[in-house]
Amino acid sequence: MATGRGAYVDDVDPLRAPPLDKVLETLIKRSESGQDVRLRDMLDLTGSRVHGILILLLALPEAVPLPLPSIGAVLGVPLILISGHLALYGERMTLPAKLLNRRVPGRALAVMGKYGRPVLRWMERLSRSRIPFVANRERMIGLLAAVISFLLFLPIPFVNVPLAMILSVLAWGMVQRDGLFVLIGVAATVALALLAMLVGMAALEALDRVLEW
């Protein structure tokens with residue numbers, strides 16, 4: 001439900017919510033007909049967790065290994081704001097109306113429709129409500145998502161796709177109340193951080209050798 005001050009969508013059973021691939025189809029048709037699609041429109045069609053849905057749909061275009069100039073900058077800011085809001089207030093707190101009125105680029109919707117819908121259908125077949133004490137740790141998920149969103153916003157080469165994939169998995173686990181997906185996202189974050197540390201240490205060691213030479 002949308003209001004003038006913000007928006008809140010009832011915490012309904014995700015199994016009763018419309019499939020996200022159908023939601024994307026509707027949004028794409030609106031965009032192709034010349035209508036502006038805003039974050040608020042995504043929530044009006046989903047009927048599920050506000051923050052998780054928006055994080056998922058905004059991260060999907062970045063999870064596609066395609067050259068999409070400026071998409072990270074356009075979608076990165078709302079991703080940071082939504083994730084930070086979730087970390088501070090939890091899922092029950094309303095999102096600011098100004099944030100929900102942000103426009104979603106048509107090319108981002110096109111990428112989500114072409115590459116995201118098959119992935120969403122596959123993930124829906126694998127998902128079920130489980131490990132609730134993990135899936136319901138909304139602020140923890142929000143904090144982790146905020147850190148990932150900030151890194152995604154930075155112009156760091158070769159990391160956008162894995163970061164966006166991790167963010168999508170975390171958000172999906174939250175939307176579907178599936179703690180297994182949340183745990184997979186956390187484990188992938190830790191693995192990526194360790195890999196980055198190893199690469200950084202190797203680079204410093206190589207630099208030291210060059211300087212000594």
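Which helix holds R30? Let us start there and then walk through the rest of this predicted model.

1. **R30 and its surroundings.** R30 sits in helix α1, which covers residues 20-32. Its relative accessible area is 26%, so R30 is partly exposed. Setting aside neighbours within four places in sequence, R30 touches Q35, V37, D41 and L45. You may also like to look across to G106: the C-alpha atoms of R30 and G106 are 9.5 Å apart, although 76 residues separate the two along the chain.

2. **The overall layout.** With R30 located, here is the wider view. The protein chain has 10 helices and 2 strands. Read from the N terminus, the order of elements is β-α-α-α-α-β-α-α-α-α-α-α. Of the 213 residues in the protein chain, 45% count as buried. The accessible surface comes to about 11300 Å², and carbon and sulfur atoms account for 67% of that. Among contacts between residues at least 6 apart in sequence, 77% join residues at least 24 apart.

3. **A salt bridge inside α1.** Side chains of opposite charge can pair when their charged atoms come close. Searching the whole structure gives 5 salt bridges. One of them links K29 and E25, with the closest N and O atoms 3.5 Å apart. Both residues belong to helix α1 and are 4 residues apart, about one turn of the helix. E25 has a relative accessibility of 25%, so this residue counts as partly exposed.

4. **A network around D36.** What is the separation of the closest N and O atoms in the salt bridge of D36 with R103? For that pair it is 3.2 Å. D36 lies in the loop between α1 and α2, while R103 lies in the loop between α5 and α6, so this salt bridge ties together parts that are 67 residues apart in sequence. D36, R38 and R103 are joined into one network by salt bridges that share partners. Within that network, R38 pairs with D36, and their closest N and O atoms are 3.3 Å apart. The members of the network are partly exposed: relative accessibility is 30% for R38, 41% for D36 and 48% for R103.

5. **Helix α3, under cover.** Helix α3 spans residues 50-59 and is mostly covered, with 10 of its 10 residues buried. Among them are V50, H51, I53 and A59. This helix is a good one to pick out when you turn the model around to look at the interior.

6. **Helix α9 and what follows.** Is helix α9 enclosed by the rest of the structure or open? Because 12 of its 16 residues are buried, α9 is largely enclosed by the rest of the structure. The buried residues include L163, W172, M174 and V175. The length of α9 (residues 160-175) also agrees with expectation: at 1.5 Å a residue it should span 22 Å, and its end C-alpha atoms are 22 Å apart. After α9 comes R177, whose phi is positive, near 60°.

7. **A nonpolar patch on the surface.** Finally, have a look at the outside. L143, V147, F150, L151 and I156 make a nonpolar surface patch of about 420 Å². L151 belongs to helix α8, residues 138-153. With a relative accessible area of 32%, L151 is partly exposed.

How values were computed
Residues numbered from 1 in each chain as written. Predicted model: local features only at pLDDT ≥ 70, side-chain atom pairs only at ≥ 80, totals over all residues. Heavy atoms only, no water. Patch = residues over 30% accessible without salt bridge, like charges linked within 9 Å, V, L, I, M, F, W, Y side chains within 5 Å. Areas by Shrake-Rupley, 256 points an atom, 1.4 Å probe, with all protein chains shown as cover. Salt bridge = Lys/Arg side-chain N within 4 Å of Asp/Glu carboxyl O. Buried < 20%, exposed > 50% of the residue type's maximum accessible area, 1.4 Å probe, protein only. Contact = heavy atoms within 4.5 Å. Expected span 1.5 Å × (residues − 1).
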